[in-house]
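Subject: A structure for you to look at

Hi,

Here is the structure I promised to hand over. Please open it first, then read my notes beside it.

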Amino acid sequence: MLTRRFPISIQEAQQKLAEVSLPSKVETIPVQTANHRVLADTIVAPFAYPHFRRSGYDGYAIRSSDDHDFPKTFKVVGDIPAGATFERELGENETVRIMTGAFVPTNAGKVIMLEQTRSVENKPNQVKMVVTEKHSNITEIGSEFQEGDDLILKNTELTPGGLAILTAFGIQEVTVYRQPRVAVITTGTELMAPDEPLQAGKIYNSNGLLIANLVRENGGIVTQESQLVDDADLLASTLQKAMAENDLVITDGGVSVGDFDFIGDTARTADTLLFNKLKMRPGSVTTAFVQDKTLVMALSGNPGACFTAFYLFVEPLLQRFMHHSSKVKRVTATLAAPYHKTNGYDRILRSTYQESNQEIAVFPNGSDQSGALGNLQTTTCLVEIPHSTNPIALNAKVTAWLLPFK
Ligand SMILES: Nc1nc2c(c(=O)[nH]1)N[C@H]1C(S)=C(S)[C@@H](COP(=O)(O)OP(=O)(O)OC[C@H]3O[C@@H](n4cnc5c(N)ncnc54)[C@H](O)[C@@H]3O)O[C@H]1N2
Ligand code: MOO
C-alpha cells in the first residue's frame, strides 16, 4: 500500500524510542555470571567485615599492657597461620607468632613486624623485640563494613571488583535486570541460507547473521532467527508469535513501499507507529512500532542501512532493557578526508577514526551506499554529514558515533 510517510530526524527518532516504556524484568543469577550486569536491588553486608581482628603483617602479637621498655624479650606461646584461630589469652610478656591475615588473639593489642624482632640464641621459645610499632597493625572487626552497610547500590553495573566484594561476603546470587529476549526475522523471497547453492537473482541472507551477532554482542539474547519468504500471512503469524515470546522483535527488509514490503504495511496499521521514515541515508526506511505492547524495530534490507540503524536505534534499546546506557559514544570529530556529495537528508558515513591529543579524526570508509556491505568489517564509527546544498568542507567538525567492539 503506498501511503505518504512523514520523515523525522535521527534525534527525534532516538527521542521517540527513548520514551517507549520497556518492561523492567529482573532475574536472579549466580555471581560468577553477573559481570557487567546491573543490580536490581541494593545489597547490604550480611556481617561485619572483617569479621575477626586480622593481622596486617607477619610478626608477633603482644598485649598493649606489655607494649613498653623495648628492646624486650617475650615468651612465644604459639603460632597462628592465616586460617587458624587461637583460643587462649596471652599472659604477661607472652607473644604468638602470627602471619598476615591471621586471627589476632582477643587480648592482643599490637603486632610487631618480623623485621623488628630477633631470635634468642638457644631459646627457640623466646623472641627479642627490638622496637615497638607506631600502629597496632591490626585491622579491627567491621573496620570496612558494619553488618547492614550498603555494599553495592541498586542500579550499579557490577564489575570484577564488585563481584569480588560480594564473594567476600559469601553472596552467591544477585538479582539483576534481565537481558532482553530478541527475535530476529529476516524477510525476502530472494534470501538463501548459506548452505544452499546460489541461484540467479537470489542472495545469501547476510543480514540475519549480522543482526543476530550485533544483538548478542550488545547484551541481547537471540531466541529465534527466522528467514521468511515474502508472504503477508506468514509474516503476520511469525510476528505475532515473536511478539508474544520476546521483549523486542527486529525485522529486516520489506519495510519500504514495494509490492512485497509487508512489514511496512504492518507498521502502518500497528497499535502505535513511532516512525516509518527518517531524514537520514542510509536507513531512511527504518521503522519502529509497538504492537501488542511489544516494540518492533524494522530495519532496512540494505546491509549498510541495517548496520547503521542498528547502532543508532537498536543498541541503545538493548542497553536500556538491562538498565545500561548506550555504549555507542557520540562525539564531535574532525572530518579528516574529503567528502564531496551533497544530500537532502543527513548522510551517515561508515568510517574509521583515529584519536590523538584528545582529538578524534574521522575518515570515510569506502562506499556510502545503502546496499554496499564491503566496509562492514572495517568500520569503527559512523559519521554524520548534515544535509546541505553545499559540500562539507575538509576538516569540518562533525558528529560521530564510535562503535563498541568486544
Ligand atoms: N519506491 C521506493 N523504493 C524504495 C524506497 C522508497 O522510499 N520508495 N526506499 C529505498 C530505500 S532508501 C531503501 S534502504 C530500500 C529499503 O528496502 P527494504 O528495507 O524494504 O528492503 P528490501 O526491499 O527487502 O531489500 C532491500 C535490499 O536489501 C537486500 N536484502 C534484503 N534482505 C537482506 C538480507 N537479509 N541480507 C542481505 N541483503 C538483504 C535486498 O535483496 C535488496 O537488495 O528500499 C528502497 N526502495
Ligand atoms: O533507507 Mo535507505 O537505506 O535510505 O538507502
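Start with Lys-293. Lys-293 is exposed, because just 11 other C-beta atoms lie within 10 Å, and the cut-off for exposed is 12 or fewer. Find Lys-293 in the loop between S20 and strand S21 (294-299). Its backbone is worth a look too: phi is positive, about 70°, although Lys-293 is not a glycine. Most residues other than glycine have a negative phi.

Keep in mind that this is a predicted model.

Asp-69 is another case. Asp-69 also has a positive phi, about 60°, and is not a glycine. Look for Asp-69 in the loop between strand S4 (59-62) and strand S5 (72-80). Asp-69 is exposed, with 7 other C-beta atoms within 10 Å.

Next, two peptide bonds. Most peptide bonds are trans. Tyr-49 and Pro-50, however, are joined by a cis peptide bond, with omega about -5°. Pro-50 sits in the loop between strand S2 (43-44) and strand S3 (54-55). Arg-281 and Pro-282 are also joined by a cis bond, with omega about 0°. Pro-282 belongs to the loop between strand S19 (280-281) and strand S20 (287-291).

Pro-282 leads us to the ligands. Which residues surround ligand 2? They are Arg-281, Pro-282, Gly-283, Ser-284, Val-285, Ser-300, Asn-302, Ala-305 and Ser-370. So both partners of that second cis bond, Arg-281 and Pro-282, are in this shell. By class, the shell around ligand 2 has 3 nonpolar, 5 polar and 1 charged.

Ligand 1 has 27 residues around it. Asn-207, Gly-253, Ser-256, Ser-300 and Gly-301 come nearest. Ser-300 is listed around ligand 2 as well. The shell around ligand 1 divides into 8 nonpolar, 16 polar and 3 charged residues. Two helices, H3 (206-217) and H6 (303-321), each give at least two residues to this shell. H3 supplies the largest share, 3 residues.

There is one record to mention. An unreviewed UniProt entry places the annotation "domain: MoaB/Mog" on residues 183-320. Over residues 183-320, the chain is 37% helix and 28% strand. The C-alpha atoms at the two ends of this stretch are 17 Å apart.

Now the whole protein. Its secondary structure comes to 6 helices and 26 strands. The radius of gyration is 32 Å, well over the 22 Å that the globule rule gives for 406 residues, so the protein is more spread out than a compact globule. Its C-alpha atoms fill a box of roughly 100 × 50 × 40 Å along the principal axes. Buried residues make up 36% of the 406 residues.

On to a sheet. Strands of a sheet pair through backbone hydrogen bonds, either parallel or antiparallel. One open sheet here has 6 strands, in the order S7-S4-S6-S5-S9-S8, with mixed pairing. Strand S7 (110-113) and strand S8 (117-120) stand at the edges. Each has a single partner strand, so one side of each is left without a neighbour in the sheet. On average, neighbouring strands of this sheet are turned by 40° against each other, direction ignored. S8 and strand S9 (residues 123-129) run antiparallel and are joined by 4 bridges. In one of these pairs, Thr-117 has Met-129 in S9 as its bridge partner.

Is strand S25 (residues 381-385) enclosed or open? 5 of its 5 residues are buried, so S25 is largely enclosed by the rest of the structure. Cys-381, Val-383 and Ile-385 point one way, while Leu-382 and Glu-384 point the other way. S25 pairs with strand S23 (residues 346-356) in the antiparallel sense, over 5 bridges. There, Ser-351 has Cys-381 as its bridge partner. S25 also runs antiparallel to strand S26 (residues 397-402), with 4 bridges joining them. Glu-384 stands opposite Thr-399 in S26.

Last stop: Asp-368, in the loop between strand S24 (359-364) and S25. Is Asp-368 buried or exposed? Asp-368 is buried, because 21 other C-beta atoms lie within 10 Å, and the cut-off for buried is 20 or more. The C-alpha atoms of Asp-368 and Lys-277 are 19 Å apart, and the two residues are 91 residues apart along the chain.

Best wishes

Technical notes
Residues are numbered from 1 along each chain as its sequence is written. Chains are lettered from A and ligands numbered from 1 in the order in which they are written. This is a predicted model: local features need pLDDT of at least 70, side-chain atom pairs count only at pLDDT 80 or more; totals for chains, interfaces and linings use all residues. A residue is near a molecule or strand if its C-beta atom, placed from the backbone, lies within 6 Å of it. Ala, Val, Leu, Ile, Met, Phe, Trp, Tyr, Cys and Pro count as nonpolar, Asp, Glu, Lys and Arg as charged, and the others, Gly among them, as polar. Two strands pair if DSSP finds at least two bridges between them. UniProt positions are given in the numbering used here, feature names are shortened, and annotations may be inferred rather than shown by experiment. Axes are lines fitted to C-alpha atoms, for helices over the stretch in contact, and angles run from 0 to 180 degrees between N-to-C directions. The radius of gyration is taken over C-alpha atoms; the globule rule is 2.2 Å times the number of residues to the power 0.38.
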